[in-house]
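User: Please take a close look at the helical part towards the start of this chain and describe how its helices pack, what joins them, and what they show at the surface.

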Amino acid sequence: MIKGLLRFVIAVIFILSGFVKAVDLVGFSFKMEEYFSPPVFNMPFLEKFALLFSIIVVVLELLLGCMLLIKLKLKFTLSALIALCIFFGFLTFYSAYYNVVTDCGCFGDAIKFTPWQSFVKDVVLLIGLIAVFILHRKDFKKKDAYTFDRRKKASDTFKYWILGLFSLIMIYIMAQGIMHEPMIDFRDYKTGTDLKAEKGKINKNPSEYKTFYSLKNQKTGEVKKVNQDDYIKKTEYWAEGSPWKIEDGKNESVLVKEGYKSEIVKFKIEDPTGLDVTDQVINAPKAVLVFSYHPKEVSPELLQKLEAKVKAEKADVLYGVSTDPNTFKTIKNMMMDGTAIKTIARSNPFVLILQNGKITDKQPAKDYVK
């Protein structure tokens with residue numbers, strides 16, 4: 001009873017974890033790029049393979065989770081899951097210890113974990129898998145090679161059919177997310193979201209950060225962290241002749257009060273001179289925005305068709321928003337951080353339509369121009 005329940009719970013966790021990532025594989029590949037980037041593992045040559053690695057990891061999670069659930073090839077399945085869990089544990093420990101990736105992406109955008117929560121989750125899962133392995137060890141004993149069990153053979157055949165059907169469904173879901181947009185939108189920018197209302201909540205209850213300076217005493221070598229308020233109050237840290245000097249590159253911005261959490265805090269659009277036009281966009285009766293986070297990878301033909309079609313929308317505000325002020329030729333260019341654009345939609349480019357600040361449509365450009 002206990003071993004069956006434990007196996008079931010762990011299998012469901014792996015399937016759910018794989019499912020939310022499978023829905024948004026492109027989003028998970030952004031997380032993989034973050035792991036390969038110079039500040040983390042410093043393997044930028046692997047960034048172009050991030051989507052491939054994401055597919056491999058998610059397929060492993062889903063197939064092994066399903067095999068554990070239906071008790072298929074149990075010894076192999078448990079061994080593979082234990083190896084996978086050790087790999088995940090290494091990643092999450094590294095992220096937590098060095099504070100380099102603030103969200104592991106373990107459950108996509110559906111559930112957020114801090115790095116240490118992610119590591120604890122992996123350790124608990126690993127202990128659970130080892131417990132299931134031990135509890136089932138008697139099932140792993142080899143039987144006589146000449147023994148034929150008709151019922152077991154029929155049961156295994158049925159399990160393979162289940163696994164095959166499950167695989168086909170997941171392939172369809174993954175393909176939809178890669179070629180279009182995720183079938184289920186777990187992000188803060190799902191259609192129907194009122195950006196103006198969300199901005200209001202953020203402004204009413206903002207998160208607060210403080211800068212902590214790393215100070216080194218030039219005479220004694222002592223190093224201490226001092227927050228910005230104490231630094232200003234105590235003249236001993238900054239008066240002329242003070243032995244304390246701020247260490248370059250070692251200051252930290254620390255969250256001291258958690259406010260209203262939303263990715264929409266990063267929705268900030270500026271013109272090429274740096275003038276903020278966000279309020280104009282979210283207060284317009286109708287705003288049509290074309291976004292691109294990698295403008296150099298977009299074909300000129302697609303951009304030409306896209307600009308021609310959005311100009312026929314009769315919008316009060318019509319902007320092309322990217323990381324390059326020269327991306328769009330016939331509509332006004334605006335600027336936004338590339339990472340912030342990726343959180344809105346995964347396609348490059350894509351179209352976002354707002355009515356009085358509410359998202360009424362969000363489409364990949366290649367679907368929009370059809």
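Analyst: The model is predicted, and the description below begins with a pair of packed helices. Helix α4, which spans residues 74-98, and helix α5, which spans residues 115-135, have axes that come within 8 Å and cross at roughly 160°. An angle over 145 degrees counts as roughly antiparallel, and α4 and α5 are therefore roughly antiparallel to each other. The handedness of the crossing between α4 and α5 is left-handed, and the residues in the contact of α4 with α5 comprise 18 nonpolar, five polar and two charged.

Helix α5 also packs with α1, in this case at an angle of about 140° and with the two axes 10 Å apart. Since the angle falls outside the ranges for roughly parallel, roughly antiparallel and roughly perpendicular, α1 and α5 are therefore described as oblique to each other. Their crossing, too, is left-handed.

Helix α1, residues 2-23, also takes part in a feature of the surface, where Leu5, Phe8, Val9 and Leu69 make a nonpolar patch of about 330 Å². The helix that gives the most to this patch is α1, with three residues, and Phe8 is found in that helix.

A salt bridge involves α1 as well. The side chains of Lys21 and Glu61 meet at 2.8 Å, N to O, and this pair links distant parts of the chain, with Lys21 in helix α1 and Glu61 in helix α3 (residues 50-69), 40 residues apart. In general, side chains of opposite charge can pair when their charged atoms come close. A search of the whole structure finds 15 salt bridges.

The backbone deserves a remark in the loop between α3 and α4, where Lys71 lies. Although Lys71 is not a glycine, its phi is positive, at about 60°. Most residues other than glycine have a negative phi, and most peptide bonds are trans. The second of these points bears on another place in the chain, outside the part requested: the peptide bond from Asn348 to Pro349 is cis, with omega near 0°, and Pro349 is found in the loop between α11 (338-344) and β8 (350-355).

Taken together, α5 packs with α4 in a roughly antiparallel manner and with α1 in an oblique one, while α1 is also joined to α3 through the salt bridge of Lys21 and Glu61 and gives three residues to the nonpolar patch.

Methods
Residues are numbered from 1 along each chain as its sequence is written. This is a predicted model: local features need pLDDT of at least 70, side-chain atom pairs count only at pLDDT 80 or more; totals for chains, interfaces and linings use all residues. Side-chain values use heavy atoms; hydrogens and water are left out. Axes are lines fitted to C-alpha atoms, for helices over the stretch in contact, and angles run from 0 to 180 degrees between N-to-C directions. Helices (H or I, at least four residues) and strands (E, at least two) are DSSP runs, numbered from the N terminus. Angles under 35 degrees count as roughly parallel, over 145 as roughly antiparallel, 65 to 115 as roughly perpendicular and the rest as oblique. A crossing is left-handed if the near helix is turned anticlockwise from the far one by less than a right angle, and right-handed if clockwise. Ala, Val, Leu, Ile, Met, Phe, Trp, Tyr, Cys and Pro count as nonpolar, Asp, Glu, Lys and Arg as charged, and the others, Gly among them, as polar. Patches are made of residues with over 30% relative accessible area and no salt bridge: like charges are joined within 9 Å, nonpolar side chains (Val, Leu, Ile, Met, Phe, Trp, Tyr) within 5 Å. Accessible areas come from the Shrake-Rupley method with a 1.4 Å probe; for residues, only the protein chains shown count as cover. A salt bridge is a side-chain nitrogen of Lys or Arg within 4 Å of a carboxyl oxygen of Asp or Glu.
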